[in-house]
Amino acid sequence: MVYRQGSNMNEKELFEQICKGDEKALEVIYKKYYRMMTKMVISNSGTEDEGRDIYQEALVVFWQKATSGNLVLTSKISTYIYSICQNLWRKELERKKRLSSEEKDSAVTVDHDAREREKIILQCIEQLGDTCKKVLMYYYFEEMSMQDIAEKLGFANTDTAKTKKYKCKKKLDDLVKAHYSEQDFLD
Amino acid sequence: MASERDLELLDDYISNRLGGAEKTAFEERLQQNPDLKAEYTIQQQIAAGIRQARAAELKQMLNSIPVPPVSGTGLSAAKIAGLAIVALLGLTLIYYVTRQTPEAIPAKTEQPVSSSAPETQPAEQNTPPLQEPETAEPAAEDEPSKPAESEASAPAREPDAQKRLDVFDPSGEAEPAGNEPIPGAESASEESTVLRKDLAVVTDGTNKKYKFHYQVLSDKVVLYGTFEKNLYQILEFISGEKRTIFLYYKEAYYLLDPSGSRINPLVPVTDPALLKKLRESVKQN
């Protein structure tokens, strides 16, 4: 696959590559629309850092929807991503506003248990090997088929991918449950 | 206690692989079976954690991609002044192109590139050139269709910029000092063009914001990011008081803007004719 630069990029081809989980195509899109998306945030009371965060967040949403086959694109890629950016930025502005009024009322409530559970799970994922992590991420995030996972990770066949996924998930479940019981998160 | 089959269905449910009647039936079972529901809560958290980890990984990957900084959105007085200078230099260049042989063209690479922009992207003038300028100027307001328009208009502009780049001829620049005198861009006096390779270079890999950027100072060039030693070289074409500077790094050439001391992203030269001429002039020297 040869990536052409800028306006010569075939939009359809690019989207097809994204749907196949080609990270190089995501990189091309990121560069192509970086300025466009961050400027939307900057023009609406945001900073470049915030713009970058929002744009990255939007691209992750776009990527997840495209790779999982849950996206039928009826507009240009840029239009779609732009609208996600707008929605995310709107939410962020609302969150900021809410946060500042909550601070005034001193009524900030944080679910410490939920945060602790989240932390435990991320730590357990980190304990897995790279292949295990990839298998589970492709399965739960990209929602790839076992065949695609096998191809992407160079497994002999679909059965190998299934077995690997089963073992990796079992390992992660065991790790998480062990930590949960230590913290009394299990009922 | 949930059965093995229930756990399989649970996994399919959580990973969005159940649909239709199967999904509805499983949701009903979930409500009726407390053990299964408890397991669902844990599995849901684990799947959310995996998704969160993957999103973080993707963002990390995106963060490592060098992108030009977005600075300013309006047209300030400084930008207008910059535009005027660029336009003036562009006109001067056109004058010399029509008048001189290719060997006698002074170092002006940055001018044709910039001079093509005011027609379409005036607000961009104080920012470094982009690899894909055609995508850089959407409507900032709530009109998702605008970026598409911006993108659609792009192909018509790019070949134009490429064509203008052909004007630059480093082989002409590379004439040794003291040889044939060539005319300057702004005065009628005759000046010679020299290629210098001794401009000092320092690298700064500590700045998190600038990962593949440069800054031209009066006595040196600062490269921001991680650069492998001995793989970069600065080519400075001097014609009278004008300087055109290129960075050669890992078999690519980057045009450096010598005016001002802003930190700009490194954008590779892609014009094949210019690349050829750069290679030739380096070879000759």
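**Close-up 1. The open four-stranded sheet of chain B.** In this predicted model, four strands of chain B line up in the order β4-β6-β5-β10 to give an open sheet with mixed pairing. The edges belong to β4 and β10 (263-265) of chain B; each has a single partner strand, so one side of each is left without a neighbour in the sheet. Going from one strand to the next, the twist averages 25°. As a reminder for anyone tracing the ladder, strands of a sheet pair through backbone hydrogen bonds, either parallel or antiparallel.

**Close-up 2. Where β4 meets β6 in chain B.** Zoom in on β4(B) and you'll find its pairing with strand β6 (residues 220-225) of chain B, which runs in the parallel sense over five bridges. For a spot to anchor your eye, pick Asp204(B): it stands opposite Tyr224(B) in β6(B).

**Close-up 3. Lys197(B) in its loop.** Lys197(B) sits in the loop that links β3 (193-196) to β4 (200-204) of chain B. Is this lysine, Lys197(B), buried or exposed? With 11 other C-beta atoms within 10 Å, Lys197(B) counts as exposed, because the cut-off for that label is 12 or fewer. Even so, Lys197(B) has company: setting aside neighbours within four places in sequence, Lys197(B) is in contact with Gln233(B), Ile234(B) and Leu235(B). Val282(B) lies 85 residues away from Lys197(B) along the chain, yet their C-alpha atoms are separated by 9.7 Å.

**Close-up 4. Chain B as a backdrop.** Pull back a bit and chain B shows nine helices and 10 strands. Of its 285 residues, buried ones make up 31%. Take the contacts in chain B between residues at least 6 apart in sequence: 56% of them join residues at least 24 apart.

**Close-up 5. The largest nonpolar core.** This core holds 29 residues, and the members that touch the most others are Met37(A), Ala58(A), Leu59(A), Ile81(A) and Cys85(A). Two or more residues each come from α2 (23-42), α3 (48-67) and α4 (77-105) of chain A, and also from α3 (34-63) of chain B. The largest share is that of α2(A), with 11 residues. Zooming in on Ala58(A), and not counting residues up to four places away in sequence, you can pick out its contacts with Met37(A), Ile81(A), Ile84(A), Cys85(A) and Leu88(A). Apart from this core lies another, of 23 residues, including Ile120(A), Leu136(A), Met137(A) and Tyr138(A).

Terms used:
Residues are numbered from 1 along each chain as its sequence is written. Chains are lettered from A and ligands numbered from 1 in the order in which they are written. This is a predicted model: local features need pLDDT of at least 70, side-chain atom pairs count only at pLDDT 80 or more; totals for chains, interfaces and linings use all residues. A residue is buried if 20 or more other C-beta atoms lie within 10 Å of its own, exposed if 12 or fewer, and partly exposed in between; C-beta atoms are placed from the backbone. Two residues are in contact if their C-beta atoms, placed from the backbone, lie within 7 Å. Two strands pair if DSSP finds at least two bridges between them. Axes are lines fitted to C-alpha atoms, for helices over the stretch in contact, and angles run from 0 to 180 degrees between N-to-C directions. A nonpolar core is a set of buried Ala, Val, Leu, Ile, Met, Phe, Trp, Tyr and Cys residues joined through C-beta atoms within 7 Å.
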